[in-house]
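This report walks through the packing, the strand pairing and the charged contacts of one protein chain. Please keep the sequence and the structure in view while reading.

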Amino acid sequence: QQGSHFDVDIASAVLVLGSHLGAVISNARLARALAVERRRNEALLEAAESFNSRLGTPAVKQSIADRTRKLLQAETAIVVWSHLEGFSLDALASSAPIPPHPHISGFISEFASRAVIAVDPLFGRAPDDELLLQGQVMAAPLRTHSGRGALIVAAGNKSFGTQEEVLLSGLASFGSTALSNAELQVTAEMQSQDLQRLLDISSSLAHGATVDRFLDQFLPRTAEFLEFGRAAVILLENNEPYLRWVAEEGRSHAEHQHVQSSLIRQILAGDEVFVSNDLPSNPLADRAAVEKNHLVQVLAAPLRTASGRALGILAVFDRKDGKPVSDSDAERLKALASEAAVVMEAAENFERLEQHRRRAEDLVGLSLSLNSTLDVQDLARAFTVKAAQMLGAPAAAAVIISPAGFEAVMLHPAPEGKD
């Protein structure tokens, strides 16, 4: 410094030092930002692994609430889910005392309603009388294939900033993916169980020697499998529908009641499953039968062979839980009807083969009996007995006529005291 002025060298040195200081500050800020970004990414990765390490939607929701509260260092984190009647509190994690009976307040419901349709996280402040959430609150949407909800966090005595906002958005995105995977897992397990139960029903009942024996066991299992209160089978006899079997409360019984209604004809003529959640209002239904049995819901599928021949109708009535009949119910009944039709057709073919076998054996036996004697009386007697046995007749008569008149008259069974 010369006099009251800095010389050029000092000014240059200060400029260089200032540049270096600026670079150091910039690098420090960048390093801090990178460290924050790294910690956030590690936290998100850890959260994603935590979310997907559990099976089952309730467990995943609780994991989302627990992990979110810890990573954001929030006082409380909750997961709420949307239903027709409103929101439900599905998961809760809090470092503050939890009320004895936590519930969804009007503030939470309104805040969640806005969050589920939002793109970015929402900010707000809980009212003083709010029991679950205190201080500043933030919410992000949770969306899956089958529903939607919201992830809500409360800061308590803290406050949220941009970093927490970004972190919450990432956690909600990972949480939505984990919930979707959990729902798909549950759906896959249910479908696998349904398929296995269908196979079990078919394999265990396909050994029935007759159609009646098969339906006696099949109907109760059908009602139980579909969770309906009642099941019935209508079969065609000479192209006329007859109610043949009914199952209720785990038991089945045979019927033989001629049923006449336009609705039954309509189902038999089609190939699709018929569904009604208000059977009494259907103008084609048999009103007397509906009122007598107090029927409200019906799910019915036609029974058809591989060639398309109609065998009858498989129907179930009134879900046990009272809920509307779903598309899944219709698909499962259609699968059961297809299996039943295959087994029934096989049983009919088996019965037909058995009849042919017995008739062939009877014909062979009759031929042997007739060839074993030349006496007309013995011939007539053997023929009459065999004919009655083959035709299943309780009685039979044979008359042999010769030029001289009646040569032999045989009755089966023979009158008492006479041959």
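## Helix α3 and its cover

The elements that cover the buried residues of α3 include β1 (76-83), β2 (86-94), β3 (122-125), β4 (136-143) and β5 (148-154). This and everything that follows is read from a predicted model. Helix α3 spans residues 106-115, and I108, F111, A112 and A115 are buried in it. When the helix is viewed down its axis, the buried residues of α3 fall within an arc of 100 degrees, so they line one face of the helix. As a general background, an α-helix has 3.6 residues a turn, so residues three or four places apart point the same way.

## Two nonpolar cores

The largest nonpolar core holds 30 residues, and those with the most contacts inside it are L215, L303, L314 and M344. Two or more residues of this core come from each of α5 (211-226), β6 (228-237), β7 (240-248), β10 (298-304), β11 (310-319) and α8 (327-371), and α8 gives the most, with 9 residues. The surroundings of L314 can be spelled out: leaving aside residues up to four places away in sequence, L314 touches F218, L219, A232, V233, L299, A300, A301, L303, L333, L336 and A337. Separate from this core is a second one of 24 residues, which includes A77, F160, L168 and A178. In soluble globular proteins, nonpolar side chains tend to be buried together.

## The six-stranded sheet

An open sheet of 6 strands runs in the order β8-β7-β6-β11-β10-β9, with antiparallel pairing. At the edges stand β8 (251-258) and β9 (274-276), each with a single partner strand, so one side of each is left without a neighbour in the sheet. Direction ignored, neighbouring strands of this sheet are turned by 20 degrees against each other on average. Within the sheet, β6 and β7 run antiparallel and are joined by 8 bridges, and I234 has L243 in β7 as its bridge partner. Helix α5 packs on the sheet, where it touches β6, β7, β8 and β11, and its direction makes about 145 degrees with that of β6.

## Charged contacts

The salt bridges number 11, and the table lists some of them with the separation of nitrogen and oxygen.

| Pair | N to O separation |
|---|---|
| R244 and D212 | 3.0 Å |
| R244 and E237 | 3.0 Å |
| R319 and D321 | 2.7 Å |

Which parts does the pair of R244 and D212 tie together? R244 lies in strand β7 and D212 in helix α5, so this salt bridge ties together parts that are 32 residues apart in sequence. R244 counts as buried, because its relative accessibility is 17% and buried means under 20%. Its partner D212, in contrast, counts as partly exposed at 32% relative accessibility, and E237, which also forms a salt bridge with R244, is partly exposed with a relative accessible area of 23%.

The pair of R319 and D321 also joins a buried residue to a partly exposed one, since R319 has a relative accessible area of 13% and D321 has one of 40%. These residues do not stand alone, for salt bridges that share partners join R319, D321, D329 and R332 into one network.

Note on methods
Residues numbered from 1 in each chain as written. Predicted model: local features only at pLDDT ≥ 70, side-chain atom pairs only at ≥ 80, totals over all residues. Heavy atoms only, no water. Core = buried A, V, L, I, M, F, W, Y, C linked by side-chain atoms within 4.5 Å. Buried < 20%, exposed > 50% of the residue type's maximum accessible area, 1.4 Å probe, protein only. Helix = DSSP H or I, 4+ residues; strand = E, 2+ residues; numbered from the N terminus. Contact = heavy atoms within 4.5 Å. Pairing = 2+ DSSP bridges. Axes fitted to C-alpha atoms, helices over the stretch in contact; angles between N-to-C directions. Salt bridge = Lys/Arg side-chain N within 4 Å of Asp/Glu carboxyl O. Arc of directions from axis to C-beta.
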